[in-house]
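Work through the exercises below with the sequence and the model side by side, trying each task before reading its solution.

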Amino acid sequence: MAGRSLIGMRYALLALVLWLSVSLAHSQSKKKKNKKKQETQIQNQDPSSRDPGSSENLFRGERKFSKSSNSLEAKAVQEYQQRMKQNARKYNKIERQKLKPQYSDPSYFGHKRKPKKRPVGKRKFCKECGIVH
């Protein structure tokens with residue numbers, strides 16, 4: 001009886017090993033099929049930031065332009081260009097301000113006018129910059 005149970009256990013173990021190997025091989029083949037499906041889907045899609053595609057896709061002229069100038073896209077483009085012009089003006093103004101000695105000369109300490117250098121006994125604490133001068 002002990003011999004028959006050993007033989008039965010061997011067959012069960014062999015069946016288990018075969019079942020695991022078949023299921024493992026089957027799961028591997030599904031992953032490959034899924035990858036192939038994903039690759040074909042990516043190739044069929046439009047270019048994106050992750051997959052920019054080839055230069056042929058960029059210049060083939062398939063973008064659709066609206067014929068009417070009152071479309072939302074045209075208005076959005078005009079608003080964007082106006083914002084960019086306003087920002088450019090603002091940054092130019094800031095650059096011009098930085099050239100003034102109030103901002104470029106370190107002896108101003110953040111003051112609008114250069115602080116006076118008083119004698120040692122008459123110096124005052126400045127609330128604006130926190131320095132005694």
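Accessible areas here come from the Shrake-Rupley method with a 1.4 Å probe, and for residues only the protein chains shown count as cover. The model is a predicted one, in which local features need pLDDT of at least 70 and side-chain atom pairs count only at pLDDT 80 or more, while totals for chains, interfaces and linings use all residues. Residues are numbered from 1 along each chain as its sequence is written, and side-chain values use heavy atoms, with hydrogens and water left out.

**Exercise 1. Describe the chain as a whole.**

Solution. Begin with the surface: the chain exposes about 13,400 Å², and carbon and sulfur atoms supply 56% of that area. Next, list the elements, taking helices (H or I, at least four residues) and strands (E, at least two) as DSSP runs numbered from the N terminus. The chain has 4 helices and 0 strands, so that its elements, read from the N terminus on, run α-α-α-α. Then ask how much of the chain is covered, where buried means under 20% relative accessible area, exposed over 50%, and partly exposed in between (1.4 Å probe, protein chains only). By these cut-offs, 5% of the 133 residues count as buried. Finally, consider contacts, which are heavy atoms within 4.5 Å: among those between residues at least 6 apart in sequence, 0% join residues at least 24 apart.

**Exercise 2. Find the residues that make up a nonpolar surface patch, and state whether Trp-19 is buried or exposed.**

Solution. Patches are made of residues with over 30% relative accessible area and no salt bridge, like charges being joined within 9 Å and nonpolar side chains (Val, Leu, Ile, Met, Phe, Trp, Tyr) within 5 Å. Leu-13, Leu-16, Val-17, Trp-19 and Leu-20 make such a nonpolar patch, with an area of about 530 Å². One of these residues, Trp-19, is found in helix H1, which covers residues 2-44. Trp-19 is exposed because its relative accessible area is 57%.

**Exercise 3. Locate the salt bridge of the structure and explain how its partners are placed.**

Solution. A salt bridge is a side-chain nitrogen of Lys or Arg within 4 Å of a carboxyl oxygen of Asp or Glu, and a search of the whole structure finds 1. Lys-98 forms it with Glu-95, the closest N and O atoms being 3.9 Å apart. The two residues are 3 residues apart in helix H3 (residues 72-98), and therefore about one helical turn separates them. As for their surroundings, Lys-98 is partly exposed at 48% relative accessible area, and Glu-95 is likewise partly exposed at 45%.

**Exercise 4. Why is there no bond between the sulfurs of Cys-129 and Cys-126?**

Solution. A disulfide is a pair of cysteine sulfur atoms within 2.5 Å, and the structure holds 0 of them. Cys-126 is in no disulfide, its nearest cysteine sulfur being that of Cys-129, 3.6 Å away. The sulfurs are unbonded because this distance of 3.6 Å is too far for a bond. Cys-126 counts as buried at 12% relative accessibility, whereas Cys-129, at 25%, counts as partly exposed.

**Exercise 5. Trace the side-chain polar contacts of His-111, and then the surroundings of His-133.**

Solution. Start with His-111, which is found in the segment after H4 and is buried because its relative accessibility is 8%. A polar contact is a pair of N or O atoms within 3.5 Å; within protein, one must be able to donate a hydrogen and the other to accept it, and residues adjacent in sequence count only if both atoms are side-chain atoms. The side chain of His-111 makes one polar contact of 3.3 Å with that of Glu-128 and another of 3.5 Å with that of His-133. His-111 and Glu-128 are 17 residues apart in sequence, yet their C-alpha atoms lie 7.4 Å apart in space. Not counting residues up to four places away in sequence, His-111 touches Gln-102, Cys-126, Glu-128, Cys-129 and His-133.

Turn now to His-133, which lies in the segment after helix H4 (101-104) and counts as buried at 13% relative accessibility. Leaving aside neighbours within four places in sequence, the residues in contact with His-133 include Pro-115, Lys-116, Arg-118 and Cys-126.
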